[in-house]
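Morning, everyone. Please look at the model on the screen while I talk.

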Amino acid sequence: MHMLLLPLFFTFLNLSQSQPHSDAPPSSTVCIIGAGIGGSSVAHFIRKYSPDITPTTKIQVFERNSIVGGRIATVTIAGETFEAGASILHPKNLHAVTYTKLLNLKVKEPGSDSLSLGIWDGNKFVFKTIEISSNIALIDKLLKLPFIENLVSLVNSGLMFVRYGFSLFKMQNFVKDAVDRFRKYYEETSSRPIFETVDEMLKWSGLFNLTTRTLQDELVDAGLSPLLINELVTVITRINYGQSVYMSGLGGAVSLAGSGGGLWSIEGGNFQMAAGLINRSEVALHLQEEIKSVADLGDYYELNSTKGNSYICDVAVVATPLDELNIQFIPPISIPERKLQHTHATFVRGLLNPVYFGLKAAAKIPDLVATLEDPKLPFTSISVLKEHNEEESTYKIFSRQPMTDILLDSIFSVRKETIRINWAAYPQYHAPEIFAPFILDGRHLYYVNAFENAASTMEISAVAAENIARLILSRYFGKEVNP
């Protein structure tokens, strides 16, 4: 009998010695709270960087809303779809570019550079660019020929230079330097560390110091004129972040980068990036299921939802800002207090009232009405999204406070449709920034949005998510991520 057992013993021994060693459990569950671009990117990069664990690793994504996308969403007005949340992408946003190609999404080309800009101080336009148009259809079509639009763009560049001078080039150089440093996060993983803290990640790229000082201080040191800072830079930071030039420097630099040329979006809505990544990452998606507690039970985490369901997870990822959520963590976690900047996006189908702006005709109102930093001004910006005809357009208004009907009726002479959205859009930036940890408990509870105190964009969420995915694969699964 013993002789018969020996061959079986040696066969078992040979088989066990031939198997690769792994400290990770044979079956694991990664739970992600939030189905925006951050949460969907974490799922994507876990699958991309370690396809061999896909059969034995389950990813569950929990979203409290009925659709994915988080702060990326659309509205439909008069049969047209418009971005309601995060709306623009930079040409050097390499993750977004990659997602678009991977998911076969269609790029919505940048709008015309001939759109007019007016800077409004509450009483008058302190600066306006020109726009050429005609009520006669044939002439108006001719005026939209590329060489005419290029000529108008050249004239407007000249007007900008006359007002702001060489400070425009200094601003451009300031932005370019920040963008070049940010691009280090796209280097091959073989030469790019995995970062356990936001501070470490920012210092590696050379961006940390920008979070310690205000944008105002950085631009003064860069040699920009007070006029440019108080007007054009202020307009940009108010539109992109709802904040002044006294926000922290890196967020300000990102805001300025979001005003350059070549900006783009996804035809049909940017939310399709998050939806597409989730669809191809083999996840179990739980819509309209809000997580109310996360408990560390030693070897695993227990997530409890408002639906009364409980989920066991080996790794838990928070991919949504915790600042205005009531998730209970057991044991409690500690993160710096942070307030979110609320931006009220109001969409109106109608016609602006020229009298409000001291003009005689609505056609004289610039396509983008931007405002200076003045607490008495009721809105941050008003932009034309679509001109339906001479008597009707769709507009997007940004403001720090809700736009009341009385106020809207004074700004618009015609108002046929109104949609209001209150976004808890991004952090309120204050230098020096203090960052929450990526690893919330020293084990396997991770926080993507810790990086958002540096700056907040779709691409920045993807960059932070990629690092979190690498952290998970390294710390829990014991895997090196190769290019």
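I'll go through one helix, a surface patch, two prolines and two backbone outliers by sign of phi.

Ground rules. This is a predicted model: local features need pLDDT of at least 70, side-chain atom pairs count only at pLDDT 80 or more, and totals for chains, interfaces and linings use all residues. Residues are numbered from 1 along each chain as its sequence is written, and side-chain values use heavy atoms, with hydrogens and water left out.

Start with helix α6, residues 167-182. Helices here are DSSP runs of H or I with at least four residues, strands are runs of E with at least two, and both are numbered from the N terminus. α6 has 16 residues and spans 23 Å from first C-alpha to last, close to the expected 22 Å at 1.5 Å a residue. That expectation is 1.5 Å times one less than the number of residues.

Which residues of α6 are buried? S167, L168, M171, F174, V175, A178, V179 and F182. Buried means under 20% relative accessible area, exposed over 50%, partly exposed in between, with a 1.4 Å probe and protein chains only. Down the axis of α6, the buried residues fall within an arc of 130°, so they line one face of the helix. The arc is taken over directions from the helix axis to the C-beta atoms. Why the spacing? An α-helix has 3.6 residues a turn, so residues three or four places apart point the same way. On the face of α6 turned away from the buried side sit exposed Q172 and N173.

Next, the surface. I130, L151, L154, V155 and L159 make a nonpolar patch of about 410 Å². Patch residues have over 30% relative accessible area and no salt bridge; nonpolar side chains (Val, Leu, Ile, Met, Phe, Trp, Tyr) are joined within 5 Å, like charges within 9 Å. A salt bridge is a Lys or Arg side-chain nitrogen within 4 Å of an Asp or Glu carboxyl oxygen. Areas are Shrake-Rupley with a 1.4 Å probe; for residues, only the protein chains shown count as cover. I130 sits in the loop between β7 and α4. I130 is partly exposed, at 34%.

Now the prolines. I330 to P331 is a cis peptide bond, omega near -5°. P331 is in the loop between β14 and β15. A431 to P432 is also cis, with omega about -5°. P432 lies in the loop between β19 and β20.

Last, positive phi without glycine. A78 has phi of about 50°, in the loop between β3 and β4. A78 is partly exposed, at 43%. N104 has phi of about 55°, between α3 and β5. N104 is exposed, at 69%.
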